[in-house]
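Visitor: Got a minute to go through this one with me? I'd like to talk rings, cysteines and strands.
Guide: Sure, let's pull it up.
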Protein chains: 2
Amino acid sequence: MSSGLRKQFEEFIELTNAEFDYILSHFQVKKFKKHAIIIQPGDAVYLEYFVEKGLLKTFTIDNDGKEYILQFAMENWWVSDYQAYQTGERAIYTIQCLEDVELLCLSQQDRNKLYEEMPKFERFARLKVTSGFLHTQKRVMALLQNDTLSRYKQLLEQYPSLFQRVPKSMIAAYLGVSRETLSRLQI
Amino acid sequence: MSSGLRKQFEEFIELTNAEFDYILSHFQVKKFKKHAIIIQPGDAVYLEYFVEKGLLKTFTIDNDGKEYILQFAMENWWVSDYQAYQTGERAIYTIQCLEDVELLCLSQQDRNKLYEEMPKFERFARLKVTSGFLHTQKRVMALLQNDTLSRYKQLLEQYPSLFQRVPKSMIAAYLGVSRETLSRLQI
């Protein structure tokens, strides 16, 4: 267990076994069944989640019942309502399990403790959020250009197995297009 | 000079005068005239820029000559082609001065040196990029929801003086709508 987490740390920083075990000791394991909701609008958000197994979505629903997906999270992805987690504001998103999931949970408090104790953990965090920022900028540009195909390809690249795991309606809700437009791409 | 930079650091971390002066000693001042292009597609990008004075835009132009604006940068904003700056890839964006500008420039090499020497500078960087990530996520959600008014309000909040400083066609190119749609908002 947690080999995915270790591998991800080591993309950015070097860790001894003892250092990794120490970081890992701050995580809690949680398991949820398919359909479970782990964060909903209005929640205070103390935890972020590293996905060991399974798939989740972060989404919002507008007044007309239309769904918009901010993020999918599958194995080796991090997920939370980050605005709430970072700032102490209440959650605005729903995060729901699309499969049975196993999560490693880290509290904001333990995260801050690790930053104080291990500057390289803060380096990992900086590089990881930078990578998220760059991905999100690319998604903005593809949305501005109304370039569905490039958004589709970007999604496929980020989550290669996603298309076998979720219905096309959710892919459309992530891309910001109708189910029909997605079908017309014929891909 | 550079009081804006100091104020921004101090939103996130505490700094003595000596520490601030040391950080500042790694920045170079550069001035450019209105219309100057400081980064263009294909460039290697070694610098990021803190705007002391003036206004810039980061944009791309598609094959039909249509402009898409990823970012404006005015006083106290950072700007670069961050994908290129972070990864060593070539620039894909153009960054152009919309007014005469004064910039404080920091190289990737000096930035990394400062991280090694001052962990709190890395903390500042982590918190700053996290804030950029959260803003960019909000913009994605507003684009997905096709909610021009909320994107407009978000822009106004981020850059209150922008609307006095750039033509409406550029606001439209940032929001991803036509000039006509923008006018119909009647705001």
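Guide: We'll take the aromatic rings, then the cysteines, then one strand; keep in mind that this is a predicted model.

Visitor: Rings, then. How many aromatic pairs does the structure hold over all chains?
Guide: There are 32 over all chains.

Visitor: Take Phe9(A) and Phe20(A). Is that pair stacked or edge-to-face?
Guide: Edge-to-face, because the planes sit at 65° and over 60 degrees counts as such. The ring centres are 6.1 Å apart.

Visitor: Where do Phe9(A) and Phe20(A) lie?
Guide: Phe9(A) is in helix H1 of chain A, residues 3–12. Phe20(A) is in helix H2 of chain A, residues 17–24. So the pair ties together parts that are 11 residues apart in sequence.

Visitor: Is Phe9(A) buried or exposed? And Phe20(A), buried or exposed?
Guide: Phe9(A) is buried, at 0% relative accessibility. Phe20(A) is buried too, at 5%.

Visitor: Which residues form a cluster with them?
Guide: One aromatic cluster holds Phe9(A) and Phe20(A), together with Phe12(A), Phe27(A), Phe50(A), Trp78(A), Tyr115(A), Phe121(A) and Phe124(A).

Visitor: What lies over the face of Tyr174(A)?
Guide: Arg139(A) does, at 3.7 Å from the ring centre. In chain B, Lys57(B) lies over the face of Phe59(B), at 4.4 Å from the ring centre.

Visitor: Switching to sulfur. How many disulfides does a search of the whole structure find?
Guide: The count is 0 over all chains. Cys105(A) is in none; the nearest cysteine sulfur belongs to Cys97(A), 11 Å away. Cys105(A) is also buried, with a relative accessible area of 1%.

Visitor: And why is there no bond for Cys97(B)?
Guide: The closest cysteine sulfur is in Cys105(B), 11 Å off, so the gap is too far for a bond. The cut-off is 2.5 Å. Cys97(B) is buried, with a relative accessible area of 1%.

Visitor: Last topic, strand S7 of chain A. Which residues are on its two sides?
Guide: S7(A) spans residues 94–97. Thr94(A) and Gln96(A) are on one side, Ile95(A) and Cys97(A) on the other. All four residues are buried, so both faces are covered. In a regular strand the side chains alternate between the two faces of the sheet.

Visitor: Which strands pair with S7(A)?
Guide: Strand S2 of chain A, residues 37–39, runs antiparallel to S7(A), joined by 2 bridges. There, Ile37(A) has Gln96(A) as its bridge partner. Strand S4 of chain A, residues 56–61, also pairs with S7(A) in the antiparallel sense, over 4 bridges. Phe59(A) is bridged to Thr94(A).

Methods. Residues are numbered from 1 along each chain as its sequence is written. Chains are lettered from A and ligands numbered from 1 in the order in which they are written. This is a predicted model: local features need pLDDT of at least 70, side-chain atom pairs count only at pLDDT 80 or more; totals for chains, interfaces and linings use all residues. Side-chain values use heavy atoms; hydrogens and water are left out. Rings of Phe, Tyr and Trp (its six-membered ring) pair if their centres lie within 6.5 Å; planes under 30 degrees apart count as stacked, over 60 as edge-to-face and the rest as tilted. Buried means under 20% relative accessible area, exposed over 50%, partly exposed in between (1.4 Å probe, protein chains only). A charge sits over a ring if NZ of Lys or CZ of Arg is within 6 Å of the ring centre and within 35 degrees of the ring normal. Two strands pair if DSSP finds at least two bridges between them.
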